[in-house]
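Let us walk through this fold together, beginning with its sheet and moving on to its charged side chains. Keep the viewer open as you read.

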Amino acid sequence: MSADTLTIAKTAVPPAATVLFRPDAKLLRQLLSTLEGDGCRVIIFVNGPLDEPAEAILSELSNASITRSEENAGLGYGLNSVVNTAIEEGFSHVLLFDQDSTPEAGLAQRLMASSACFDRGRRKGLAVLGPLLVPPSNSSYLPISYWRREPSDSDARPSSIVQVDFVPTSGSLVSTEAWREIGPFRADYFIGGIDVEWGYRAWHKGWVSAIAEDIQMVHRWGEEQVGGQVGRPQILRQSTTRIYYYVRNAVDGMRRAYMPWRWKRQQAIRLLGQICLILLVRVGRDVPLALLFRAVRDGWSGRLGPIPDQLAMRFGTA
């Protein structure tokens, strides 16, 4: 393959990347088979040990780069690893996926085509473009709500591309040029709020985050609930450890000068309501009050990284 042909291929079909942590083998096979069928180079960060079914699936890949960590290094660290691999291999974009998303064939090419239609206007360009995420049919997964932005009069874009404050990680087509200027994902957040913080940082540095509403992808956000729990807010579906990370990272975001006051105000109201829900429903059962105080204190003081050892021993690490 000539150098020119290789350059065209690397801009037409971006690599697809994912971070694996205890994946469901059936969903993982669906994801990777679709990506390989689309001709994507697959970049994987294995975040801790895998079971035999997952290892068997990885062994079948024909065009993959696999990096491993013996222990859970966190989602942010894994995302930075796969993006760096894409950059080292000369790709202009990288398509990120959660391990339990289910894209349709052709997603990578459709997102690249939509991205090429975007006119940067007064901004530096499109940092990230994602599909419209929808829950699986006949499931109790909750839909994602997007924080949409009104475009300026100078913006020239297809009507299907909608500017948003941030794009959820899964299915997001990230410009490696933008990523290098904006900076890496927050590895010290470990998990939770990583896409939110990066999206606002992108806007702060002059880049655009957007979704293509005419392109949909099935995505399982949070936890599915059954029986009498159906309809419960997402915060009540999360594990105790995830609640710690969510609260801590949200509080840390309020300290950041580049996070807009609009978000800080809305997030403070939202977080207060969520903590009240936890106090009413889960404190005294599986969420100690001390954990909430610790999450708020750690976030406000900038104590980030993995969950503290004494909490990890009791609740796990993810």
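Before we look at how helices pack, one convention helps: contact means heavy atoms within 4.5 Å, and angles run from 0 to 180 degrees between N-to-C directions, with axes fitted as lines to C-alpha atoms. Keep in mind, too, that what you see is a predicted model.

With that in hand, find helix H2, which lies across strand S1 (16-20), S2 and S4. Relative to S2, the direction of H2 runs at about 155 degrees. Another helix to pick out is H7, residues 194-204, which packs on the sheet and touches S5, S6, S7 and S8. Its angle with the direction of S8 is about 135 degrees.

Now for the sheet itself. In what order do the eight strands of the open sheet come? Reading across, the order is S3-S2-S1-S4-S7-S5-S8-S6, and the pairing is mixed. Strand S3 (64-69) and S6 stand at the edges, and each has a single partner strand, so one side of each is left without a neighbour in the sheet. From one strand to the next, the twist averages 25 degrees. In general, the strands of a sheet pair through backbone hydrogen bonds, in either a parallel or an antiparallel sense. At the S6 edge you can follow one such pairing in detail: S6 and strand S8 (residues 207-218) are antiparallel and pair over three bridges. Looking at a single position, Gln163 has Ala210 in S8 as its bridge partner.

Next, the charged side chains. The model holds 12 salt bridges, counted where a side-chain nitrogen of Lys or Arg is within 4 Å of a carboxyl oxygen of Asp or Glu. One of them joins Glu89 and Arg41, with the closest N and O atoms 2.9 Å apart. This pair links distant parts of the chain, 48 residues apart: Glu89 sits in the loop between helix H4 (75-88) and strand S4 (93-97), while Arg41 sits in the loop between helix H2 (25-37) and strand S2 (42-47). Glu89 has a relative accessible area of 21%, so it counts as partly exposed.

Which residues are linked with Asp165 in a network of salt bridges? They are Arg149 and Arg262. Between Arg149 and Asp165, the closest N and O atoms are 2.5 Å apart. Arg149 lies in the loop between strand S5 (125-134) and strand S6 (161-163), and Asp165 in the loop between S6 and strand S7 (172-175), so this pair ties together parts 16 residues apart in sequence. For Arg262 and Asp165, the closest N and O atoms are 2.9 Å apart. Because Arg262 lies in helix H10 (residues 261-281), its pairing with Asp165 ties together parts that are 97 residues apart in sequence. Asp165 is buried, at 0% relative accessibility. Arg149 is partly exposed at 22%, and Arg262 is partly exposed at 33%.

Finally, turn to the backbone. Asn138 is not a glycine, yet it has a positive phi of about 60 degrees. You will find Asn138 in the loop between S5 and S6, where it is exposed, with a relative accessible area of 86%. Phe190, also a residue other than glycine, has a positive phi near 70 degrees. Its place is the loop between helix H6 (176-182) and H7. Is Phe190 buried or exposed? Its relative accessible area is 5%, so Phe190 counts as buried.

How values were computed. Residues are numbered from 1 along each chain as its sequence is written. This is a predicted model: local features need pLDDT of at least 70, side-chain atom pairs count only at pLDDT 80 or more; totals for chains, interfaces and linings use all residues. Side-chain values use heavy atoms; hydrogens and water are left out. Helices (H or I, at least four residues) and strands (E, at least two) are DSSP runs, numbered from the N terminus. Buried means under 20% relative accessible area, exposed over 50%, partly exposed in between (1.4 Å probe, protein chains only). Two strands pair if DSSP finds at least two bridges between them.
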